[in-house]
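Q: I'm new to this structure and would like a close look at one part of it. Could you pick one helix and walk me through what it packs against and what else it takes part in?

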Amino acid sequence: MLLTSIIQGMQFDIVQGDLNKDIKAIAYDSRNVTKDGIFVAISGFQFDGHAFIHNAIKQGASVIISEKAITVDKGITVLKVANSRNALANVSSNFYNNPTENLNLIGITGTNGKTSTTYFVKSIYEEARKSIALIGTLGTVMNNKVVKNKNTTPMSLDLQYFFSEMVTEKIDNCIMEASSHAISLQRVAYSKFNTAIFTNLSPDHLELHKNMEEYFGEKAKLFKMTSDYNIINADDYYGQQLIEMVKNDNPKLITYGIHSKADICATDIHYAFDHTLYTVNTPTGSVRIKVNLPGDIYVLNSLAAIACAYSNGIPLELIQSGINNIKTIQGRFEVIYEKDDFKVIVDFAHTEDALQKTLSIMRPFVKGKIILVFGVYADTSENGTEKRQGMGRVAAEFADFSIVTLDNPKQHNPSIMINETTEAIIRNNGDFEAIPDREKAIQHAIRISKDNDMIVIAGKGHETTQIIGDTEIPFNEKEIILDALAEKVSL
Ligand SMILES: CC(=O)N[C@H]1[C@@H](OP(=O)(O)OP(=O)(O)OC[C@H]2O[C@@H](n3ccc(=O)[nH]c3=O)[C@H](O)[C@@H]2O)O[C@H](CO)[C@@H](O)[C@@H]1O[C@H](C)C(=O)N[C@@H](C)C(=O)N[C@H](CCC(=O)O)C(=O)O
Ligand SMILES: Nc1ncnc2c1ncn2[C@@H]1O[C@H](COP(=O)(O)OP(=O)(O)OP(=O)(O)O)[C@@H](O)[C@H]1O
């Protein structure tokens, strides 16, 4: 494709070189540059992409898009831009022929509940025989093939590639998680969203966003990128703020909720350990829904999916069976073992709000004790300390006994991570033990458990690795649990 076509819409200064070049590929990582490619240099959190420009040229780059002044051979075209991440999204969309113009693109954002909602949406669309792809934490799913993603929301270049594959494969719809990082770091820029869904907002990722207002501001941007529908949780405090912000915009506002007045709402809710029954009420009718996951959080997540399918014209009886078809979601309230009242559950709760809600949902179904195994994944900044204190408080108040361990400690000091959490448990009169080695922590929980107890292993959910320092080591909680249970039985 000609460079002039690829840079359509981009604001830039020509530093040097020719714009009439044929371009074969784009890369934002020097190691992936190929002959006649564009290299977009990004100033990152860990590295400065500008430091790799000479490597990129050696690999075959004929065009450099840069935020900084650089000196390179005269034959190389250099375009200077204000924001390389935005420029990358712009050229990637053009390079792949603006694929989102040919997709019904649904974006979902919020602190918790995105992954399960995407799976509900996908299942309803499949029930309605509509082709749909999914992009999110569990990977990119297209025609039942799953590709693992490095991030919940991939980089713009990779994202636009996936979209173009969907168009090639004649997939009409795509449901994707749009994380606040992705919105903030321009990964979803130049994607045309038909619908956006907001689940909820509670403290998380404050290492990037600094405070809740900034975090909310990033999420809110998605709702200014839509053409058709903005679907918002009316029960959420920030959801209400978002409703005020977009209620007079062109895209139709659809609200959902349990407790607040909403377009799509749930009534007559009956709770069980392994499912919830409720009536969903829409402007044109009601139907009974069975969601095979427990508690209000999955009522809300399924309502979000229903609101999306309903506004896109899918009949209620297909919505009903679509939701019921989801039996489990990897790492989301996943029952790994149960025998009568004894249960071992793995859940991805990794925020204060998610942990509190998950433990509260379980309480009515526990005859013995709730034994919680958890760590807190957050850096050692002030915001990280707050997260550890918050999750420590929740553990003290909502579990009977906690085993505090590590959750992807990366390069952070394990003692600080453990101590700040246990201090909060002590302050809130909780009962605990600290075992930094996560495998030993899980084994210990199983060893000390009694017949009526529920063991909850929170934080890693579907993940199968643990990141310690710079090393990612295999870590399969399911296997560890089953081995520990087998050992306990044989003792
Ligand atoms: C903080 C953050 O978001 N970092 C993301 C970001 O990294 P970065 O831009 O800082 O990149 P960097 O590693 O400093 O490198 C800078 C540039 O130099 C380039 N480079 C580097 C080395 C080299 O030899 N040559 C070269 O060209 C890199 O490709 C890059 O373009 O861009 C990378 C893609 O290139 C992401 O993979 C990386 O995500 C890291 C792994 C991460 O942990 N991100 C998390 C915080 C995140 O994004 N999470 C959200 C939310 C999840 C949720 O829902 O809770 C997500 O969407 O996943
Ligand atoms: N609506 C909700 N409100 C609060 N907590 C929730 C909600 N839905 C799910 N959770 C909790 O959050 C955890 C993560 O859920 P889910 O994976 O759906 O969220 P997510 O938004 O995709 O998170 P991430 O982007 O980090 O993967 C669940 O395991 C559960 O403990």
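**A close look at helix H4**

A: Let's take helix H4, and start with how it crosses helix H11: H4 passes H11 in a right-handed crossing. Keep in mind as we go that this is a predicted model.

H4 covers residues 114-127 and H11 covers residues 316-324; their axes come within 8 Å and cross at roughly 130 degrees. That angle falls outside the ranges for roughly parallel, antiparallel or perpendicular, and H4 and H11 are therefore oblique to each other.

Now for the residues that touch. On the H4 side you'll find Phe120, Ser123, Ile124 and Glu127, and they meet Leu318, Ile319, Ser321, Gly322 and Ile323 of H11. Sorted by character, this contact has 5 nonpolar residues, 3 polar ones and 1 charged one.

H4 has another job for us to look at: the surroundings of ligand 2. H4 supplies at least two residues of the shell there, and so do helix H10 (296-311) and helix H12 (352-362). The largest share, 4 residues, comes from H12.

Which residues of the shell come nearest to ligand 2? Out of 24 around the ligand, they are Asn112, Gly113, Lys114, Thr115 and Ala349. The mix in this shell is 5 nonpolar, 13 polar and 6 charged residues.

Finally, step back to the domains. Domain 2 (99-324) and domain 3 (334-490) each give residues to the shell, so ligand 2 lies between them.

Notes: Residues numbered from 1 in each chain as written. Chains lettered and ligands numbered in written order. Predicted model: local features only at pLDDT ≥ 70, side-chain atom pairs only at ≥ 80, totals over all residues. Axes fitted to C-alpha atoms, helices over the stretch in contact; angles between N-to-C directions. Parallel < 35°, antiparallel > 145°, perpendicular 65-115°, else oblique. Left-handed = near helix turned anticlockwise from the far one by under 90°. Contact = placed C-beta atoms within 7 Å. Nonpolar A, V, L, I, M, F, W, Y, C, P; charged D, E, K, R; others polar. Near = placed C-beta within 6 Å. Domains from an automatic or database assignment.
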